[in-house]
Amino acid sequence: MRDQLVTRGHQQAGEQYDLDPTQKVRILARVHLVWNPGLRLLLLTLLLIYLPTANSQPRQSLVPGGIAIIKLEAGDASGYQFRDKPVLVTRIDGKPSALVGLPLSLAAGEHFIEKRDVSQTSRKFFQVSAKQYSTQHIEIKDKRKVNPYASDMERILKEKKRKQIARNRYTDGEVDVDFLLPVTGIQTGSFGRRRVFNGQARNPHSGMDIAADSGTPVLAPSAGTVIELGDFFFSGNLIYIDHGQGLISLFAHLSEIDVELGERVSKGQVIGKVGATGRVTGPHLHWSLGLNGNWIDPALFFAAGD
Ligand SMILES: [Zn+2]
């Protein structure tokens, strides 16, 4: 209990204020110093007061690969769709709000969510600006991962279909959008970059890369259900977690998978280990976050600058 509390407070503090490691050690030392049964209640109370204010909530970014946040009326919060897919509804600043995942391919200009009833269609509009993502050149030693053999294609196409199904999964229910970072490490590849592998253009980068040693535990950023896993050609060992209402995490290049298909995972649970499987230059965690079927920048689920 004690270690759990200290760890939780420490993680939350790190996210919110971006402490350097020496500060973290100092804070932990202070917590240990003041720890005695008499102060237990006080510390618990302080933590309970502190934790809700430390919550991070998604940020709006009205660009391709971003999120639109649209305030809704309490009596009119359900049933909205974006491009025929139901949108996630949660509380932002205490108000029911639609979180709309904007695809990287979305054109700049006016877009809308809509609700179709028998008698009428109501729309809520928002403006999307263009965003120029930079280009990244990457050298992959295993050339087969860039130009697969003809004999690899059957496997690749089967896996593509499974990934598509996982990304587009929708289940009802409450969603905890106050995310944890799945791994503490250096974010190396930014979302949305156009990528050139061994001189050949490929799909843009659809997630966040976090460099960490092989074997580093990967934590579930929020609660959910494991809906897909396995050893895939490009992604290596991967896990898909359905957080609910069309919010889907993909973790790739793992050295180890520590969950089972269909397993319900809690926030902070170890689901696997960082590795270098699939199309990679070295060990790191690739984390993609899908919303209403579109990959969006996972960094938008954390305070700016984290
Ligand atoms: Zn990546």
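Analyst: Two strands count as paired if DSSP finds at least two bridges between them. The model here is predicted.

User: Why are E9 and E12 called a pair?

Analyst: Two bridges link strand E9 (residues 186–187) to strand E12 (residues 208–211). The cut-off is at least two bridges, so E9 and E12 qualify. Their sense is antiparallel. Gln187 stands opposite Ile210 in E12.

User: What makes E9 a strand, with residues 186–187?

Analyst: A strand is a DSSP run of at least two E residues. E9 covers residues 186–187, therefore the run meets that minimum.

User: How do you know that E12 pairs with E20?

Analyst: Four bridges join E12 to strand E20 (residues 284–291). At least two are needed, so this is a pair. E12 and E20 run antiparallel. Within it, Asp209 faces His286 of E20.

User: Why are E1 and E4 called edge strands?

Analyst: The order of this open, three-stranded sheet is E1-E5-E4, and its pairing is antiparallel. Strand E1 (67–71) and strand E4 (88–92) each have a single partner strand, so one side of each has no neighbour in the sheet. On average, neighbouring strands there are turned by 35° against each other, direction ignored.

User: What makes E4 and E5 partners?

Analyst: Five bridges connect E4 with strand E5 (residues 95–101), in the antiparallel sense. The threshold is at least two, so the pair stands. Leu88 has Leu99 in E5 as its bridge partner.

User: Which strands are at the edges of the sheet E8-E10-E11, and what is its pairing?

Analyst: That open sheet of three strands has mixed pairing. Strand E8 (135–138) and strand E11 (200–202) each pair on one side only, and these are the edge strands. Neighbouring strands are turned by 30° on average, direction ignored.

User: How do you know that E10 and E11 pair?

Analyst: Strand E10 (residues 194–197) shares three bridges with E11. At least two suffice, so E10 and E11 pair. The two run antiparallel. Arg195 stands opposite Arg202 in E11.

User: What share of the chain is called buried, and by what test?

Analyst: Of the 306 residues, 32% are buried. Each of those has 20 or more other C-beta atoms within 10 Å of its own.

User: How many helices and strands does the chain have, and what share of its contacts join residues at least 24 apart?

Analyst: DSSP runs give four helices and 21 strands. Among contacts between residues at least 6 apart in sequence, 67% join residues at least 24 apart.

Methods:
Residues are numbered from 1 along each chain as its sequence is written. This is a predicted model: local features need pLDDT of at least 70, side-chain atom pairs count only at pLDDT 80 or more; totals for chains, interfaces and linings use all residues. Axes are lines fitted to C-alpha atoms, for helices over the stretch in contact, and angles run from 0 to 180 degrees between N-to-C directions. A residue is buried if 20 or more other C-beta atoms lie within 10 Å of its own, exposed if 12 or fewer, and partly exposed in between; C-beta atoms are placed from the backbone. Two residues are in contact if their C-beta atoms, placed from the backbone, lie within 7 Å.
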